[in-house]
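Please work through the exercises below with the sequence and the 3D structure at hand. Each task is followed by a worked solution.

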Amino acid sequence: MATAIFVAGPTSIYVNVGAGYVELGLTDNDNLPQVSYSDNIHEIKTVASGATPEVMVVQNTSATITVTLVKWDASVLTSLQVRQRGAAYTSTVGRLLVGDSGTFGVQIDPATAGKTGYTFGRCYLMGDAIAHSQFGNVEQRMGLTFRAIPDGSNLLAASYTS
């Protein structure tokens, strides 16, 4: 039975690029963060089962974190790009992200007290990860998409109460 309505309200996004968590930016009530979890499942098919899997094996879970920032720190965003790509606005081809210094932590911290926040310890920017929009006479938005993967202890995320 549903017991409560959950409204996180405006949310701060923090990132850890190696020296502790620093604020990347803020969302507003119209642009709240979204986290989607994906189980990586391997299907094992046999002659007896035909096209239907006989067994399915969970091979871990990842998460996609999507945020649209209404305020952000451009220098922190640049540090994320440098950490992952090796340089800002260019790339070091062949750079390893997992087990290398290319990943970073992401923390979703609701501004409303008593709400659940999340810390993802190993993240990277996805392919089309940065969308800078609304140029002109309106406030701009910065859309970011992160992929979170389990860390060395196989922990995807930790929750806490803000």
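The two exercises that follow concern salt bridges and the surroundings of one glutamine in a predicted model.

**Exercise 1.** Determine how many salt bridges the whole structure holds, and which residues are joined into one network.

*Solution.*
Step 1. A search of the whole structure yields three salt bridges.
Step 2. Arg 141 pairs with Asp 28, with 3.8 Å between the closest N and O atoms. This pair links distant parts of the chain, 113 residues apart: Arg 141 belongs to strand S8 (residues 141-148), while Asp 28 sits in the loop between strand S2 (21-26) and strand S3 (34-44).
Step 3. Glu 139 also forms a salt bridge with Arg 141, the closest N and O atoms lying 3.5 Å apart. Through shared partners, Asp 28, Glu 139 and Arg 141 are joined into one network.
Step 4. Lys 45 forms a salt bridge with Glu 43, at 3.8 Å between the closest N and O atoms. Lys 45 is partly exposed at 48% relative accessibility, and Glu 43 is partly exposed at 40%.
Step 5. Arg 141 has a relative accessible area of 13%; the limit for buried is under 20%, so Arg 141 is buried.

**Exercise 2.** Establish whether Gln 107 is buried or exposed, and identify the partner of its side-chain polar contact.

*Solution.*
Step 1. Gln 107 is located in strand S6 (residues 104-110).
Step 2. Its relative accessible area is 17%, so Gln 107 is classed as buried.
Step 3. The side chain of Gln 107 makes a polar contact with the side chain of Thr 119, at 3.1 Å.
Step 4. Beyond its neighbours within four places in sequence, Gln 107 is in contact with several residues, among them Ser 12, Tyr 21, Tyr 118 and Tyr 160.

Notes: Residues numbered from 1 in each chain as written. Predicted model: local features only at pLDDT ≥ 70, side-chain atom pairs only at ≥ 80, totals over all residues. Heavy atoms only, no water. Helix = DSSP H or I, 4+ residues; strand = E, 2+ residues; numbered from the N terminus. Buried < 20%, exposed > 50% of the residue type's maximum accessible area, 1.4 Å probe, protein only. Polar contact = N/O pair within 3.5 Å; in protein donor to acceptor, adjacent residues only side chain to side chain. Contact = heavy atoms within 4.5 Å. Salt bridge = Lys/Arg side-chain N within 4 Å of Asp/Glu carboxyl O.
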